[in-house]
Amino acid sequence: MNILIDKDILYAKKIFEKLGKIKLISYNMFNKSLLKNSDAVIIRSNTPIKNNILKNSKIKFLGTVTSGIDHIDQEYIKKSNICFSHASGCNSTSVVEYIFSVLFFLSEHYNFDLKEKIVGIIGVGNIGSLLNKYLNVLGIKTLLYDPPLSKKIKNKEFVSLEKIINHSHIISLHVPLKKYGKNPTYHLFNEEIFDNLSSETIVINTSRGLVIDENALLKVLKKGKKIRIVLDVWSTEPYLSELLCQTIITTPHIAGYSLEGRIKSVLKIHKDYCKYFNKKNTEIGIKHFLPQSDFKKIFIQGKLTQKKLKKLIHLIYDVRDDDINLKKKLGIISKDIYILRKKYSIRREWSSIKVQTNNFETKKILKKIGFYVK
């Protein structure tokens, strides 16, 4: 089997090397001739796979180590009987921890108590539901909007988009990019939405750049609308737009880029590959790839407060580091954020350190939001 793999997918060669002949190439080097002679291909979101590049190829398996799949021509894949695998849910913890790092920075920066805020979650799939769970554990109120899911699950907790806009202090976007059909998400946040947001509303987008109409957002910001914007994704990727100068936090599409999330994504594709080709799936544990954490253990004294949790979260991952790094290096190294992603440093998840405490309630809360507590 000839397996073509994006060379920047972490540990992919090591994980797939026993399954066939591996060829590693840069994401921008995928072309028709290479695909023509490959049986399987493993990519990331920066490699669009459309019917024109797959036509007349002998590809039997296509894997993307991403949860989003808008870079894949789904219709052609189905028609061509190509087995398709993606890493849905594998980066959920990473994205949620990114958002918490953002929230605790903003709560300190603007001096507010998160328990006094309402967080509107748009899209309640793997990431949105986990975010909702963690926020609720901490006693933070949420509003949920997800039309497709609300039709499947007759649950009173779902609300209208209008209620999200009118009652949320913080809005976090977690929808796939969908341009056509029922419930499209392309430019879901348009000029009308931004006009109706209350002043100082915080909008966080870690989903897809085109979910926000960036021109409309720029327009309302230039008119003096005071909305606080956090962007990890951009409609102009791999390049950034004028919004760079208007954001509170800017990062280069790395919300889901924890070390654990990246490894889990590759292992998910590997598992699906083995299943499809009837190969023996020698279980590869994620711990096999994880280095020692910078902090082995930490002790929290007494009751868990917002200030203590903020310190703990930022000890493991502080989003400001990525914001500063992007703004400092942009234009010096490259204006292409994919270059910055390629050089992204190792970032661990909350479970990477052992937390000890002498308070039962603190222990219970930390365990419920994914910390390793003893």
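**Figure 1. Serine 45 is buried in this predicted model.** The relative accessibility of serine 45 is 17%, so the residue counts as buried. Serine 45 belongs to the loop between strand 3 (40–43) and helix 3 (51–54). Leaving aside residues up to four places away in sequence, serine 45 touches Thr64, Thr66, His71, Arg208, His253 and Arg341.

**Figure 2. Five strands form an open sheet with parallel pairing.** The strand order is 2-1-3-4-5. Strand 2 (21–25) and strand 5 (83–86) are the edge strands. Each of these edge strands pairs on one side only. On average, and with direction ignored, neighbouring strands of this sheet are turned by 15 degrees against each other. Strands of a sheet pair through backbone hydrogen bonds, in either a parallel or an antiparallel way. Here strand 1 (residues 2–6) runs parallel to strand 2, and five bridges join the two. Within this pairing, leucine 4 stands opposite lysine 23 in strand 2.

**Figure 3. An open sheet of six strands also has parallel pairing.** Its order is 7-6-8-9-10-11. Strand 7 (141–145) and strand 11 are at the edges, and each pairs on one side only. Helix 6 lies across strand 6, strand 7 and strand 8. The helix runs at about 165 degrees to strand 6.

**Figure 4. Strand 8 pairs with strand 6 and with strand 9.** Four bridges link strand 6 (residues 118–122) to strand 8 in the parallel sense. Valine 119 has isoleucine 170 of strand 8 as its bridge partner. Isoleucine 121 stands opposite serine 172 in strand 8. Strand 9 (residues 202–205) also runs parallel to strand 8, joined to it by four bridges. There, serine 172 stands opposite isoleucine 204 in strand 9.

**Figure 5. The side chains of strand 8 point two ways.** In a regular strand, side chains alternate between the two faces of the sheet. In strand 8 (residues 170–173), Ile170 and Ser172 point one way. Ile171 and Leu173 point the other way. All four of these residues, Ile170, Ile171, Ser172 and Leu173, are buried.

**Figure 6. Helix 13 has a buried face.** Val319, Asp322, Asp323 and Leu326 are the buried residues shown in helix 13 (residues 319–329). Seen down the helix axis, the buried residues fall within an arc of 100 degrees, so they line one face of helix 13. These buried residues pack against helix 5 (92–109), strand 11 (249–250) and helix 14. The face turned away from the buried side carries the exposed residues Asp321 and Lys328.

**Figure 7. Tyrosine 134 and tryptophan 350 form a stacked pair.** The model has 15 aromatic pairs. In this one, the ring centres of tyrosine 134 and tryptophan 350 are 6.1 Å apart and the planes are at 20 degrees, so the pair is stacked. The pair links distant parts of the chain, 216 residues apart. Tyrosine 134 is in helix 6 (residues 126–137). Tryptophan 350 is in the loop between helix 14 (337–342) and strand 13 (354–357). Both tyrosine 134 and tryptophan 350 are buried.

**Figure 8. Tyrosine 276 and phenylalanine 277 form an edge-to-face pair.** The ring centres of tyrosine 276 and phenylalanine 277 lie 4.9 Å apart, with the planes at 80 degrees, so the pair is edge-to-face. Tyrosine 276 has a relative accessible area of 39%, so this residue is partly exposed. Phenylalanine 277 has a relative accessible area of 18%, so this residue is buried. Both residues belong to a cluster: ring pairs link Phe16, Phe61, Tyr273, Tyr276 and Phe277.

**Figure 9. Two arginines have their charged ends over tyrosine rings.** The charged end of arginine 228 sits over the ring of tyrosine 110. Its distance from the ring centre is 3.4 Å. Likewise, the charged end of arginine 262 sits over the ring of tyrosine 257. In that pair, the distance from the ring centre is 4.4 Å.

Note on methods: Residues are numbered from 1 along each chain as its sequence is written. This is a predicted model: local features need pLDDT of at least 70, side-chain atom pairs count only at pLDDT 80 or more; totals for chains, interfaces and linings use all residues. Side-chain values use heavy atoms; hydrogens and water are left out. Rings of Phe, Tyr and Trp (its six-membered ring) pair if their centres lie within 6.5 Å; planes under 30 degrees apart count as stacked, over 60 as edge-to-face and the rest as tilted. Buried means under 20% relative accessible area, exposed over 50%, partly exposed in between (1.4 Å probe, protein chains only). A charge sits over a ring if NZ of Lys or CZ of Arg is within 6 Å of the ring centre and within 35 degrees of the ring normal. Two strands pair if DSSP finds at least two bridges between them. Axes are lines fitted to C-alpha atoms, for helices over the stretch in contact, and angles run from 0 to 180 degrees between N-to-C directions. Contact means heavy atoms within 4.5 Å. The arc is that of the directions from the helix axis to the C-beta atoms.
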